[in-house]
Amino acid sequence: MKSLRVLIPSFVLLLAFAAWGVWWSIVADGFETAIAAYAEDGRARGVDVTYDSLEIDGFPFRVTASFGNLRVAGPDWLWQADGFAVDVLPYNFEHFVFRAEGSQHFETRTADGTSTLDVAHVVGLGSLLIADG
């Protein structure tokens with residue numbers, strides 16, 4: 001009987017960890033799919049979103065999408081970041097934390113010419129909270 005008092009809670013705990021791992025994987029796969037869809041939707045609207053690499057990690061407490069050499073360009077503007085990451089909690093899809101790292105390049109084009117701004121070795125943080133209503 002003593003072994004059951006240890007075995008049953010251990011089994012329940014193991015089952016909870018396994019369920020969390022499955023849930024995290026589902027959220028991570030959905031996040032990666034949503035990123036691809038967002039990039040494709042942007043292209044349809046004239047905004048080109050490209051990156052050299054995309055890594056999804058952060059298990060077990062968050063899902064992080066890390067982009068290498070992210071480039072977002074519209075018809076008359078450009079933003080390029082050496083590194084960019086987006087974090088979301090697997091249980092809260094209404095709060096996103098953004099992190100830009102390394103060099104940043106901003107560019108705008110007008111009839112008067114091109115304006116650029118280069119920022120080196122910066123870490124920028126931002127947060128987006130999506131509220132209903």
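This section describes the overall form of a predicted model, then its helix, and then selected residues in its strands and loops.

The chain contains one helix and six strands, and these elements follow the pattern α-β-β-β-β-β-β when read along the sequence. The radius of gyration is 20 Å, well over the 14 Å that the globule rule gives for 133 residues, so the chain is more spread out than a compact globule. The dimensions of the C-alpha trace along its principal axes are about 85 × 30 × 30 Å. Of the 133 residues, 27% count as buried, and the chain exposes about 9,000 Å², of which carbon and sulfur atoms supply 64%. Among the contacts with a separation of 6 or more, 43% are made by residues 24 or more positions apart. The chain carries 8 positive and 17 negative charges, and the mean positions of the two sets are 12 Å apart.

Helix α1 covers residues 2–44, and its 43 residues should span 63 Å at 1.5 Å a residue; the C-alpha atoms at its ends are 64 Å apart, which agrees with that expectation. The buried residues of α1 are G21, W24, V27, A28, F31, I35, A39 and G42. The elements that cover these buried residues include β1 (48–50), β2, β3, β4 (77–89) and β5 (92–110). After α1 comes G46, a residue with a positive phi near 90°.

Two further backbone features are found in the region of β2 and β3. The peptide bond that leads from F59 to P60 is cis, with an omega near 10°, and P60 itself is placed in the loop that lies between β2 (53–57) and β3 (63–74). Within strand β3, N69 has a positive phi of about 55°, although this residue is not a glycine. The relative accessible area of N69 is 25%, and the residue is therefore classed as partly exposed.

Two residues of the later strands were examined through their surroundings. F98 is located in strand β5 and, with a relative accessibility of 25%, counts as partly exposed. When residues up to four places away in sequence are left aside, F98 touches F84, A85 and V86, together with G124, L125, G126, S127 and L128. Strand β4 comprises residues 77–89, whereas strand β6 comprises residues 113–129. F98 and P75 are separated by 23 residues in sequence, and their C-alpha atoms are 24 Å apart in space.

V122 belongs to strand β6, and its relative accessibility of 26% likewise places it in the partly exposed class. Not counting residues up to four places away in sequence, V122 is in contact with A100, E101, G102 and Q104; the range of strand β5 is 92–110. Between V122 and L54 there is a separation of 68 residues in sequence, and the distance from C-alpha to C-alpha is 20 Å.

How values were computed. Residues numbered from 1 in each chain as written. Predicted model: local features only at pLDDT ≥ 70, side-chain atom pairs only at ≥ 80, totals over all residues. Heavy atoms only, no water. Helix = DSSP H or I, 4+ residues; strand = E, 2+ residues; numbered from the N terminus. Buried < 20%, exposed > 50% of the residue type's maximum accessible area, 1.4 Å probe, protein only. Rg over C-alpha atoms; globule rule 2.2 N^0.38 Å. Contact = heavy atoms within 4.5 Å. Areas by Shrake-Rupley, 256 points an atom, 1.4 Å probe, with all protein chains shown as cover. Lys, Arg positive; Asp, Glu negative; His and termini not counted. Charge placed at Lys NZ, Arg CZ, Asp CG, Glu CD. Expected span 1.5 Å × (residues − 1).
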